[in-house]
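Me: I have a structure to go through before lunch. Can you walk me through the main features, starting with the pockets?

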Amino acid sequence: MLQFELTEDQRMMLDTVKRVRKNVIEPNAKRWLDGEFPYENMDALAEIGILGMAVPEEYGGIGASVLDTVLVLEEIAKGCYVTAMAVLGEVGTQCRILSHYGSDELREKYLPKLLKGKCILAICMTEPDCGTDLGSMKTNASVMNDRVVLNGAKTMISRAEEADLFVIFTRVNNAPGTKGIGCVFVEKGTKGLTADACYHTMGGENLADVRFENVEVPIENLGLGEGSLRKLLGAFNTQRCLNPAICLGMAEASLEESIRFMRDRKAFGNSIGDFQGMRWKVASMLTEIEAGRSILYRAAATAEPFPNPTLAAMAKIYVNEMSIRVCSEGVQLHGGYGFLDDFAVSRNYRGVRYGTLGGGTTETLRNFVGRELVERMDLETGVAGMGLF
Ligand SMILES: Cc1cc2nc3c(=O)[nH]c(=O)nc-3n(C[C@H](O)[C@H](O)[C@H](O)COP(=O)(O)OP(=O)(O)OC[C@H]3O[C@@H](n4cnc5c(N)ncnc54)[C@H](O)[C@@H]3O)c2cc1C
């Protein structure tokens, strides 16, 4: 039977996160627009266990499902994009790669700290000359007996200046193409590693250039050798549900703010909420949000431990694009006030633009879904089969 209800545990968890959002996160959301890292909010979320969502129970974490993580990120993003992105770094792909492919020593050292908010993780994939086209990656890890020597450069890396541990997608032993890609862990302070947060984004956070010059680490830090891109992208499918969860939260917040505003704001002797043109806007916003919520929750619910790639890609495409439309309408409905930093709809509009760019661009995901359809669709089960019913 299809279930569309949250469980009692999920509702209790969301009530707790909502309290932190309302009391701690939301009142200061504007403060993080200048690139400062929201440590205060992270501490408050660590206190209620949220930063341990992706940490396995044996290390003191919750080992939460992808769906639970989606619900929590959605709730946090309703209050602050920058904070939701900071939390994504802790409960997303990099923690899952560390938990699945990190050495015992790295897991024991970092996972317990992570859930207390005392360890920031950065994931380094994008390079100056390649983002989507991972097969053109130049960063290389040379394996020399019991050591690995890393050289290369990454760009647009989130949380790199704050990071304690870097999860790095790299070519291994100069093996060519996508088949040559593996993953290395590098600890902060390792000789030859530099991170310079030289970019400021329209969402509010800073991004960094990260360089590796003869960075030497023990062989145990080679999490995955060459030929591992499929495994790494498996973990990355989680991000394809978590990134849209943030966008969904911002779309919801923009709708709620719009309802509040349209009830109060007067024009031509009426509340603007009395105008049919305004009512149609919010009706469409909610319709789109609910469609997005359905596909996203369903994709997240397929995770074992990582979500179904086709559903996750479709969920990300739809929710990312839907939330840009909804947040744009939120600005429009607020008139000129919608353009001011002080208004949440303005901050949401800026933050939500990240969705279609990070975690797999919309174009790449459409390429993937299109390929699945043309090359693999089973015409016996047809469209229903693609949706896994
Ligand atoms: C806020 C933010 C945070 C980020 N954080 C991180 C991080 O922590 N770690 C990290 O590694 N990266 C991070 N990035 C970088 C992000 O992952 C890349 O920007 C993204 O992967 C796209 O790569 P690119 O910018 O090099 O664009 P390109 O790959 O150069 O693409 C440019 C355009 O061409 C399109 N395109 C490319 N190939 C095709 C194709 N085959 N068919 C059709 N269209 C195509 C793309 O969709 C895009 O529209 C972050 C980016 C942002 C904005």
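**Pockets, strands and odd spots**

Reply: The largest pocket holds about 1600 Å³ of space. A pocket here is an open set of points on a 1 Å grid over the protein atoms alone, where a 1.4 Å probe fits, with protein on both sides within 12 Å along at least five of seven lines. The volume is the space filled by probe spheres set on the points, with grid points joined across faces, edges and corners. This is a predicted model, where local features need pLDDT of at least 70, side-chain atom pairs count only at pLDDT 80 or more, and totals for chains, interfaces and linings use all residues. Residues are numbered from 1 along each chain as its sequence is written, and side-chain values use heavy atoms, with hydrogens and water left out.

Me: Which residues lie nearest the centre of the largest pocket?

Reply: M125, F236, R240, G359 and G360. The full lining has 48 residues, where a lining residue has an atom within 4 Å of a point. Two or more lining residues come from each of helix 4 (81-91), strand 1 (121-124), strand 3 (147-158), helix 7 (229-264) and helix 11 (362-376). Helices (H or I, at least four residues) and strands (E, at least two) are DSSP runs, numbered from the N terminus.

Me: Which element gives the most to that lining?

Reply: Helix 7, with 8 residues.

Me: And how many lining residues are nonpolar, polar and charged?

Reply: The largest pocket is lined by 19 nonpolar, 20 polar and 9 charged residues. Ala, Val, Leu, Ile, Met, Phe, Trp, Tyr, Cys and Pro count as nonpolar; Asp, Glu, Lys and Arg are charged; the others, Gly among them, are polar.

Me: OK, next pocket. What volume does the second largest have?

Reply: About 840 Å³. It has 28 lining residues, and F4, E5, L6, L67 and Y297 are the closest to its centre. Helix 1 (8-25), helix 3 (66-77) and helix 8 (276-301) each give two or more residues to this lining. Helix 8 gives the most, 6 residues. By class, the lining has 11 nonpolar, 6 polar and 11 charged residues.

Me: Which domains does that lining draw on?

Reply: Domain 1 (8-115) and domain 3 (230-386), with at least three residues from each. The protein also has a domain 2 (121-226). The bounds come from an automatic or database domain assignment.

Me: How many residues of domain 1 are in contact with domain 3?

Reply: 23 residues of domain 1 are in contact with 30 of domain 3. Contact means heavy atoms within 4.5 Å. The centres of the two domains, taken over C-alpha atoms, are 21 Å apart.

Me: Switching topic. What about strand 1: which residues are buried on its two sides?

Reply: L121 and I123 are buried on one side, A122 and C124 on the other. Buried means under 20% relative accessible area, exposed over 50%, partly exposed in between (1.4 Å probe, protein chains only). In a regular strand, side chains alternate between the two faces of the sheet.

Me: What does strand 1 pair with?

Reply: Strand 4 (residues 165-172), in parallel, through 4 bridges. Two strands pair if DSSP finds at least two bridges between them. C124 stands opposite I168 in strand 4.

Me: Backbone oddities next. Where is the cis peptide bond?

Reply: Between E304 and P305, with omega about 5°. P305 sits in the loop between helix 8 and helix 9 (309-333).

Me: Which residues other than glycine have a positive phi?

Reply: N145 is one of them, with phi near 50°. N174 is another, at about 55°. N145 is in the loop between strand 2 (140-144) and strand 3. N174 is in the loop between strand 4 and strand 5 (181-187).

Me: Are those two buried or exposed?

Reply: N145 is exposed, because its relative accessibility is 76%. N174 is exposed too, at 56%.

Me: And K281 in helix 8, buried or exposed?

Reply: K281 counts as buried because its relative accessible area is 18%. Not counting residues up to four places away in sequence, K281 touches E329, Q332 and L333.

Me: Last one. Where is R211, and what is it in contact with?

Reply: R211 is in strand 7 (residues 206-218). R211 is partly exposed, with a relative accessible area of 38%. Leaving aside neighbours within four places in sequence, R211 is in contact with G152, A153, G192, L193 and T194. R211 and K154 are 57 residues apart in sequence, yet 6.4 Å apart in space, C-alpha to C-alpha.
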